Amino acid sequence: MRVAIVVFPGSNCDYDCFKALTDVMGAEAYYVWHREHDLKNPDAVILPGGFSYGDYLRAGAIARFSPVMNEVIEFANAGGPVLGICNGFQMLCEAQLLPGALVRNESLKYIGHAVTVRVENNETMYTNAYEKGQVVTYHVAHGMGNYVATPDTIRQLEAEERVIFRYVTPEGQATPEANPNGAMNNIAGIINERGNVLGLMPHPERAVEAILGSTDGVGLFESMRKFIEDGVAVRGEPVRQLAGVR
Amino acid sequence: MAERPAPAPREGDPRITPDLVAEHGLSPDEYRLILDAIGREPTFTELGLFSALWSEHCGYKNSKPLLRTLPTEAPWVLQGPGENAGVIDIGDGNAIAFKIESHNHPSAVEPYQGAATGVGGILRDVFTMGARPIAVLDSLRFGSLESARVRYLFAGVVKGIGDYGNCVGIPNIGGEVYFEEAYEGNPLVNAMAIGLMKKEELIRAEATGVGNPLLAVGARTGRDGIHGATFASEELSEESEAKRPQVQVGDPFTEKLLLEASLELINSGHIVGIQDMGAAGLASSSTEMAARAGTGVDIDVAHVPVREEGMTPYEILLSESQERMLVVAKAGHEQHVIDILNKWELEAAVIGHVTDDGLYRVRENGVIVAEVPGQPLVTGCPTYVREARESDEIRRLREWTPGEAEYLPAASHPLKILQRLLGSPNIASRRWIYEQYDTTVRTNTVIAPGGDAGVLRIRGSRKGIAATVDCNGRYCYLDPREGAKIAVAEAARNVACTGARPRAITNNLNFGNPLKPEVYYQLREAVAGMGEACRAFNTPVTGGNVSLYNESPSGAIYPTPVVGMVGVLDDVDRHVRMNFQEQGNAILLLGENRDELGASEYLKVVFGKVAGAVPHLDLEHELALQNVLVELAEAGLLRSAHDVAEGGLAIAIAESCIANHQPLGASIELTDRLPIASLLFGETQGRVVISCTAEDVMEVNRIAERCGITCRRIGTVGPVNGSFRIHSAAVTIDTPVSELAEIYYTAIPRMMPAGADHA
């Protein structure tokens, strides 16, 4: 698996993604500076977290106009896997590769702590190594993670099982208490119609080693690897239960 | 020195008068020294330079003779005081740069920007050494949370620290906060940064190589923060509010770019030195870099990229606009430097060059506006040993001893007292603060804030580092020498509780006006105590910051010599947490309980009293205790370790129960023949609550005894959401641990309703 990690001025989780992919997953990863126009033929693209351009306007609003985004959009439209984490999720919404928007947390405060999220759909290229309904622990670290969309969009996302991650209690209940930022329907991550562009607020790349407190993020990268390297079918196909991932 | 013609007076500059000299914070005697140093009357620009460089903030005039007494050397110290940051060797070719700095005065008038720029400045101090910042810690002091103004300051400071560090992408791994009336008008905001580098990447801030070009790099220079260093060197007053424009404005996005650009520059081989334009901006960075190298510099301010038109040389030199660096490049490599900065969407401009005449020469469009010998400017600041006298009032407070009335409530209502202490803002969970910080970015955080010390793993090695900031200002108020010793000892204990060996400290000396004999006494005694403890533990001081004149109309702050300590774990997998891990584990106490109630949080919370003798500190015992903790951790025998501090033994045990996602109960049996108040809530030093498996109790005891540390089993860890039970001959506490957790975690959020930052 060859993964391009796009670096914007102000990205700060690019290194974490790089380390998770190379040191933990044994994958090939490389940085692509936002002014470049060549993604160098990756199997997948990651838009990492951070504060691109300081996020002084709206999170992700300026990064969306970075030169490299033309290639990212082209890659996504051709069916290439594009994963946006945190600020990357915000950019995907700004670039309209995903519907809806991420606004200021309900508390108006930045939040940095562990959350539990439920894998709502494991028939995707990002979640096939998880079980459906599995509750995993990731970290959130954001000031604008409150997902909003029109009622029609929310209905459509839910109906098409495109809500991939949802904030839940450790016991798996999607309660208001489990919702860290006020996101509609406790939405933590969604996928596009075609199933190749995923955006999520929590950071799976920070949950890949026992010494960091959780290895639950490995499943997401392992899912990508299974899809890309082993051709594990997703959507409509029975998903293989992948042993030994967690 | 040969006679040189004085620069012609610059049109528009004011005439030098005694009043103008006084406004610049210089005494008549100091002004005479300036006349001697340059052999004539200074120009307005030169007066500004001396004012900034000879301020307390830059010149350390009241603290230098005391600071010289501190130990600064150990085999692992690669860089001691005098540079942007201290550096220690941690093995495997790796080195750690670290330093603490205060932003008290700016934060008192503009909490958000004051705190944010404090973080920005200390990060720059670390990455200008060639180290990539890997952690931030914060040490904060405020007045009582009962006050709306204090809540506003507290909320603004926390948001400022968070927004800046979060954006740059540096995890916050620990800190401390106290709320005491003495800080009401003058909060303390100290930020510490830690960076990691390869030993050979260490770069010093020296302007070497005659003819080498000087470049101003990063953000443009504006009018913000002019005379910030001088502002920081006087007492806060009603007029301080009017100095709000002197507070700089931070831009963490530019900082992040500057960080990446600076590290790329250092690795590129195109530069010989780099320094933050921090306090006193271009003036101090350029003069200090030249002074360290024994060279001179020639700068034309017309070449400095500015934000606004019509800035005078005086303003450009003294501006404290943030996110700027001064770089000394190799001659002929200017364009490479500019290219690297441009890649990161930043500016760089050649503004001058290194000379061999030792002069500090400033031009404006070629016309000389300042020309003074560099050495006296940087090192000629007179230093003072002031009159010292202990305050009679404080001595009387210390000599007070608690009587029956003070002991009684603990014996009659122990549970109620325990609950009140757990809900005291000085003890309650700091989660409200650190949940506004990114604590896990860069994926090295092993122990995040909330433990005794933060722990990071060092990639590519088995090692880890632990770091903490500590100081109990109340102890230092009642007894500055013992209080400062305790600050060092507690920091070392906290680091050792994680299994790390304490290695070195950075210090932030926050005091009042040193011209007052009572304050100077505190400074002198605290530095003496700090030096004594650092020598005993072999944890030298590698740098730091002095912040004096921390006074408001209501008086001086508590003397607060904050200690930022770094320790090393040889095997980070052997790190130890403060929370109990498992039902059935044995709970043991290292150290001995004593009848010491003075200076305690108990007296403050129950009686509103700040009085009595501070707890006795035995440096030898502390060192042995550190050794036991490290040895036990390395042997894999510890399931948890938590230092006994404010609130005493009962609070320490409760915290080890509570600091779990689901609290664990505990059953404790105490046999000491001591007054209940002292036994449960006294703050006797040299104690740590540890837990281990029942099978390991014997081995733990054996190791502790061999090192001369009393160790005994006092109880057993209970079930999830079980009972918290303490039993002694005279008293029994028995309460659901979940109720204690509720008090502990909700105390500060309850006092900080939404919108407090907009007060």
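A:V197 is buried, because 27 C-beta neighbours lie inside 10 Å and 20 or more are enough for that label. This valine sits in strand β11 of chain A, which covers residues 197-200. The model is predicted. Its scores are ipTM 0.93 and pTM 0.95.

**Around A:V197**

- Which residues does A:V197 touch, leaving aside residues up to four places away in sequence? The list is A:A76, A:V82, A:L92, A:L97, A:L98, A:I191 and A:N192.
- One of these partners, A:A76, is 121 residues away from A:V197 along the chain. In space, the C-alpha atoms of A:V197 and A:A76 are separated by 6.8 Å.

**Two loop residues of chain A**

- A:K40 is found in the loop that links β2 (28-33) to β3 (44-47) of chain A.
- The phi angle of A:K40 is near 60°. That is a positive value, and A:K40 is not a glycine.
- Is A:K40 buried or exposed? A:K40 counts as exposed, because it has 10 C-beta neighbours inside 10 Å and the label applies at 12 or fewer.
- A:E161 belongs to the loop between α4 (151-159) and β9 (163-168) of chain A.
- A:E161 also shows a positive phi, about 55°, without being a glycine.
- A:E161 has 14 other C-beta atoms within 10 Å, so it is partly exposed.

**Chain A as a whole**

- Chain A holds 5 helices and 11 strands.
- Its radius of gyration is 16 Å, close to the 18 Å from the globule rule for 246 residues. Chain A is therefore as compact as a globular protein of that length.
- Along the principal axes, the C-alpha atoms of chain A fill a box of roughly 45 × 40 × 40 Å.
- Of the 246 residues in chain A, 57% are buried.
- Take the contacts in chain A with a separation of 6 or more: 75% of them join residues 24 or more positions apart.

**Chain B as a whole**

- How many helices and strands does chain B have? Chain B has 27 helices and 28 strands.
- The radius of gyration of chain B is 26 Å, and the globule rule gives a close value, 27 Å, for 759 residues. So chain B is as compact as a globular protein of that length.
- The C-alpha trace of chain B spans about 85 × 55 × 45 Å along its principal axes.
- In chain B, 63% of the 759 residues count as buried.
- Among contacts in chain B with a separation of 6 or more, 85% come from residues 24 or more positions apart.

**Where the chains meet**

- Chain B brings 25 residues to the contact, and chain A brings 22 residues.
- On chain B, α8 (148-168), α10 (252-268) and β14 (445-447) each give at least two residues to the side that touches chain A.
- Which element gives the largest share of that side? It is α8(B), with 5 residues.
- The side of chain B that touches chain A is made of 9 nonpolar, 8 polar and 8 charged residues.

**A helix pair in chain B**

- Two packed helices are described by the angle between their axes and the distance between the axes.
- In chain B, the axes of α7 (residues 111-127) and α10(B) come within 10 Å. These axes cross at roughly 5°.
- Why does α7(B) count as roughly parallel to α10(B)? The crossing angle is roughly 5°, and angles under 35 degrees get that label, so α7(B) is roughly parallel to α10(B).
- From α7(B), the contact uses B:G120, B:L123 and B:F127.
- From α10(B), the contact uses B:P252, B:E255, B:L259, B:S262 and B:L263.
- By class, the contact of α7(B) with α10(B) has 5 nonpolar, 2 polar and 1 charged residues.

**Confidence in the model**

- Chain B has an average pLDDT of 95, and 97% of the residues score at least 70.
- Chain A has an average pLDDT of 93, and 94% of the residues score at least 70.
- Where does pLDDT stay under 50 in chain A? This happens over residues 236-246.
- For residues 236-246 of chain A, the model has 14 contacts beyond four places in sequence.

Methods:
Residues are numbered from 1 along each chain as its sequence is written. Chains are lettered from A and ligands numbered from 1 in the order in which they are written. This is a predicted model: local features need pLDDT of at least 70, side-chain atom pairs count only at pLDDT 80 or more; totals for chains, interfaces and linings use all residues. Helices (H or I, at least four residues) and strands (E, at least two) are DSSP runs, numbered from the N terminus. The radius of gyration is taken over C-alpha atoms; the globule rule is 2.2 Å times the number of residues to the power 0.38. Two residues are in contact if their C-beta atoms, placed from the backbone, lie within 7 Å. Ala, Val, Leu, Ile, Met, Phe, Trp, Tyr, Cys and Pro count as nonpolar, Asp, Glu, Lys and Arg as charged, and the others, Gly among them, as polar. Axes are lines fitted to C-alpha atoms, for helices over the stretch in contact, and angles run from 0 to 180 degrees between N-to-C directions. Angles under 35 degrees count as roughly parallel, over 145 as roughly antiparallel, 65 to 115 as roughly perpendicular and the rest as oblique. pLDDT is the predictor's confidence in each residue, from 0 to 100.
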